[in-house]
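Have the sequence and the 3D view ready side by side. We will start from one residue and work outward.

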Amino acid sequence: MNETPESTVLDPTAAPATADAVGGVEAADDGPGVLETRSMDVFYGDFKAVADVSMSFTFNEISALIGPSGCGKSTVLRSLNRMNDLIPTARVDGEVRYHGTNIYAGDVDPVEIRRRIGMVFQKPNPFPKSIFDNIAWGAKINGFKGSKSDMKDLVQGALEQAALWDEVKDKLTESGLSLSGGQQQRLCIARAIAVQPDVILMDEPCSALDPIATLRIEELMLELKENYSIIIVTHNMQQAARVSDRTAFFNVELDTTGQRTGHLVEFSPTDVLFTTPKEKATEDYITGRFG
Ligand SMILES: Nc1ncnc2c1ncn2[C@@H]1O[C@H](COP(=O)(O)OP(=O)(O)O)[C@@H](O)[C@H]1O
Ligand SMILES: [Mg+2]
């Protein structure tokens, strides 16, 4: 990480990262998507939480993951940037390829992966620091060495991209925790953007927000997809229909060993999934027959 040239990490105006070395591993073959899973299983100890997930995510698209509670949406999402590493029992089999590199290969740096594949959580979690430092701090620990005014530009750029600048520009020294829930969530999005990821994962980012704050985040996602690949977990089918380009439906069934293992039923263009789904299980779910 320390060897990463400053310009690629820190220039707030730079294009998002593209295929190149990831944590010391050269990208092999660039698959069709920026991020791709191949026959991915995820375990917690002996329990197989999700089985055999193969899917591909591309730039400039929002992909939504939907399905009943416990089908493994959060598990899959966390596996996409090695966030599951933080759960001691979690284990991923199969491959997750980011620009063609398996992020679970031995010499890949998970910290670098989490910078390039950012994450926003259900409950907004700003640091107990000033609005300015919420963004500056992440950039600093990722090696930002620019001048004070470069840092100001970085913070402003990230807040502008997250559609928060106008609301906070006069109170950058106030605590991030003083903001409303919706503003806090946009601050967390700004914090993720500031370290220049090219993929942003969001796990039910609006479920703690009121409808107006939710709409603002949805509008923001539609703006951000111009520059990123966004993958969102939502329990809200209307939200998936409103914002996503493609939707993945996961389901959970008892397998032969008696475990409730989740699996991907179908991953289709959103309009197709909600109007003419390929699978009966998808149709049953979207018409409210279960879940
Ligand atoms: N940290 C964990 N340890 C053990 N089991 C877990 C953990 N997190 C999730 N699970 C289990 O994995 C399965 C999938 O959970 P999750 O990914 O949270 O589903 P969803 O987000 O679709 O509701 C569930 O059976 C859940 O109980
Ligand atoms: Mg979840």
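Begin with Ser39. Ser39 is exposed, because just 11 other C-beta atoms lie within 10 Å, and the cut-off for exposed is 12 or fewer. Keep in mind that this is a predicted model. Ser39 belongs to strand 1, residues 35–44. Its backbone deserves a look. Most residues other than glycine have a negative phi. Ser39 is not a glycine, yet its phi is positive, at about 45°.

Now move to strand 2, which covers residues 47–57. Asp52 sits in strand 2. Its phi is also positive, near 55°, and Asp52 is not a glycine either. Is Asp52 buried or exposed? Neither label fits: Asp52 counts as partly exposed, because it has 15 C-beta neighbours inside 10 Å.

How do strand 1 and strand 2 pair? They run antiparallel, and 7 bridges link them. Met40 shows one such pairing, with Val53 of strand 2 as its bridge partner. The two strands form a hairpin with 2 residues between them. Gly45 in this hairpin has a positive phi, near 60°.

Strand 2 also pairs with strand 10. These two run parallel, with 2 bridges between them. Here Ala51 stands opposite His263 of strand 10.

Next, follow strand 10 to its other partner. Strand 9 and strand 10 are antiparallel and share 9 bridges. Leu254 has Arg260 in strand 10 as its bridge partner. These strands form a hairpin too, with 5 residues between them. In its turn, Gly258 has a positive phi of about 85°.

Strand 9, residues 246–254, leads on to strand 3. The two run parallel and are joined by 4 bridges. Ala64 faces Thr247 of strand 9 across this pair. Strand 3 then pairs with strand 8, again in parallel and by 4 bridges. There Leu65 lies opposite Val233 of strand 8.

Put these pairs together and a sheet appears. What is the order of its strands? It reads 5-4-1-2-10-9-3-8-7-6, in an open sheet of 10 strands with mixed pairing. Strand 5 (101–102) and strand 6 (117–120) are the edge strands, each pairing on one side only. In general, strands of a sheet pair through backbone hydrogen bonds, either parallel or antiparallel.

Turn from strands to helices. Helix 8 runs from residue 211 to residue 224. Does its length come out shorter than expected, or as expected? At 1.5 Å a residue, its 14 residues should span 20 Å. Its end C-alpha atoms are 20 Å apart, so the two values agree.

Which residues of helix 8 are buried? They include Ile217, Leu220, Met221 and Leu224. These four lie on the same side of helix 8, because they cover an arc of only 105° around the axis. A general rule helps here. An α-helix has 3.6 residues a turn, so residues three or four places apart point the same way. The other side of helix 8 has exposed residues: Pro211, Ile212 and Glu223.

What covers the buried side? Strands and helices both take part. Among the strands are strand 3 (62–66), strand 7 (199–203) and strand 8 (229–233). Among the helices are helix 7 (181–194) and helix 9 (237–243). Strand 3 and strand 8 are already familiar as a parallel pair in the sheet.

Helix 4, residues 131–141, has buried residues as well. They are Ile131, Asn134, Ile135, Ala136, Gly138 and Ala139. Just after helix 4 comes Gly143, with a positive phi of about 100°.

Now find ligand 1. It has 14 residues around it, and Tyr44, Ala49, Lys73, Ser74 and Thr75 come nearest. Which helix gives the most to this shell? Helix 2 does, with 3 residues. Helix 2 (73–79) and strand 10 (260–269) each supply at least two residues. By type, the shell divides into 8 polar, 4 nonpolar and 2 charged residues.

Finally, step back to the whole chain. The secondary structure comes to 11 helices and 10 strands. Of its 291 residues, 45% count as buried. Contacts also reach far along the sequence. Among contacts with a separation of 6 or more, 72% join residues 24 or more positions apart.

Notes: Residues are numbered from 1 along each chain as its sequence is written. Chains are lettered from A and ligands numbered from 1 in the order in which they are written. This is a predicted model: local features need pLDDT of at least 70, side-chain atom pairs count only at pLDDT 80 or more; totals for chains, interfaces and linings use all residues. A residue is buried if 20 or more other C-beta atoms lie within 10 Å of its own, exposed if 12 or fewer, and partly exposed in between; C-beta atoms are placed from the backbone. Two residues are in contact if their C-beta atoms, placed from the backbone, lie within 7 Å. The expected span of a helix is 1.5 Å times one less than its number of residues. The arc is that of the directions from the helix axis to the C-beta atoms. A residue is near a molecule or strand if its C-beta atom, placed from the backbone, lies within 6 Å of it. Ala, Val, Leu, Ile, Met, Phe, Trp, Tyr, Cys and Pro count as nonpolar, Asp, Glu, Lys and Arg as charged, and the others, Gly among them, as polar. Two strands pair if DSSP finds at least two bridges between them.
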